[in-house]
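Visitor: Got a minute to go through this one with me? Put it up and we'll start.
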Amino acid sequence: MTDHKDFANLVLLIGTNPLPNFVVASYYLEVNRNIQCIWLIHSEANKLQAGTDSQARNLETLLRKRWEGKHPALLFPLQKIPLSDASDASTILREINAKMLNKWQTEEGFHLNYTGGTKAMATHVYRCLHELQECGQQQFSYLDANNFRLVLDNHGIERFNNGISKKTDDMRKMVCIEFEDLIALHGFKRRNKDRNIDFDTAQQTYNDFIDTAKIPTMKSKDGVNLEVYIHHKLNERLSGKIRNKKCIFHDWLIDKPNWKTKFQLDVIVINGYHLTGISCTCSSDKDLCKIKGFEIIQRTRQIGGDEARSILITRADHSTTDNLQDELTHETGSTKENILVLGVDDLRSEDIYLPKIEELVLD
């Protein structure tokens, strides 16, 4: 039986979020120098379905940028396999046989990661490949979004560092992505540039923020200085604790072609490939804060997937932030582990709010 990292064909199912595909491909290209071909199975755009061909192209662009000329065996362009009906079993089986299996030698070995795509795609592509029964040459895996582990059907959890520590199984420690590449993977581009804002001014805004006597004098524009302050403090707190060379960003205005609106992310943290978005407001009004909460949750999911995390920093008191967190969790179908709402009572002490943010980002 061959080593489970020794195969020539990597098969990926492309859904609306190509980030898990990037993670799996990046990991195996790092540890397996024999991969020759990556097959991207995606839905074809037609009257029956929305296509994921753009996600497949974006993934190929990013993998080419990172690996072309650096991997000894990988061939470009990647093999893109469109399915005309990603919900119909007979169509999937017929087109996989005609468009993919007739083009490879099964003795080369293959690995299917069935994280992406539709449920029908995962079920029937798995079924089709499993029937090859090439004496252990076929391998299957799934990227568990709940705990960032790569789980192999026949080998269990992919272990790093000999499985000594549970934390070493965390794929965020193995695969990193730059934030610009992460948004490009979803078809977005940045539309603004970094601004130089005086930290002393940001410090004074923060002092005013936590001073209840200053409530009438706070203005919405002060939120920018609050973002600068939070960004600075997180840089201090998380430096050296995250593998990415640059992991914390401030003030990114983002859109994609043909969009009529842009959206802004106040502070962004990338832990490996895992996104946490932070929205800051000087308001204490619950309704306004809730709107900001909905927005940051939606935006982080758009570019980081359902496992992305969101933090809302407000000027509300503890009672209001507790209610906000419960309502946002319930109304967005999230979990409390993915959303954190902080208020002025938290911000008065670095020993309170910084550990809370660190725990959300790193756990």
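Visitor: Which residues of helix 6 are buried?
Guide: This is a predicted model, to be clear. In helix 6, residues 199-209, the buried ones are A202, T205, Y206, D208 and F209.

Visitor: Why do they line one face of the helix?
Guide: Look down the axis of helix 6: the buried residues fall within an arc of 160°, so they line one face. In general, an α-helix has 3.6 residues a turn, so residues three or four places apart point the same way.

Visitor: What do the buried residues of helix 6 pack against?
Guide: Helix 7 (222-238), helix 10 (344-347) and helix 11 (350-362).

Visitor: Switching to cores. How many residues has the largest nonpolar one?
Guide: It has 54. L12, F22, I38, L63, F179 and Y273 have the most contacts inside it. Helix 1, residues 19-31, gives the largest share of this core, with 8 residues.

Visitor: And what is L63 in contact with?
Guide: Setting aside neighbours within four places in sequence, L63 contacts F22, A25, S26, L29, I38, E68, F76 and L78. There is also a second, separate core of 28 residues; I242, I248, Y353 and I357 are among them.

Visitor: Now strand 10. Mostly covered or mostly open?
Guide: Covered, mostly: 8 of the 9 residues in strand 10 (263-271) are buried.

Visitor: How does strand 10 pair with strand 9?
Guide: Antiparallel, over 6 bridges, with strand 9 spanning residues 248-255. I248 sits opposite V269 of strand 10.

Visitor: And strand 11?
Guide: Strand 11 (274-280) also runs antiparallel to strand 10, joined by 5 bridges. N271 has H274 as its bridge partner. Their hairpin has 2 residues between the strands, and G272 takes a positive phi near 75°.

Note on methods: Residues numbered from 1 in each chain as written. Predicted model: local features only at pLDDT ≥ 70, side-chain atom pairs only at ≥ 80, totals over all residues. Heavy atoms only, no water. Buried < 20%, exposed > 50% of the residue type's maximum accessible area, 1.4 Å probe, protein only. Helix = DSSP H or I, 4+ residues; strand = E, 2+ residues; numbered from the N terminus. Arc of directions from axis to C-beta. Contact = heavy atoms within 4.5 Å. Core = buried A, V, L, I, M, F, W, Y, C linked by side-chain atoms within 4.5 Å. Pairing = 2+ DSSP bridges.
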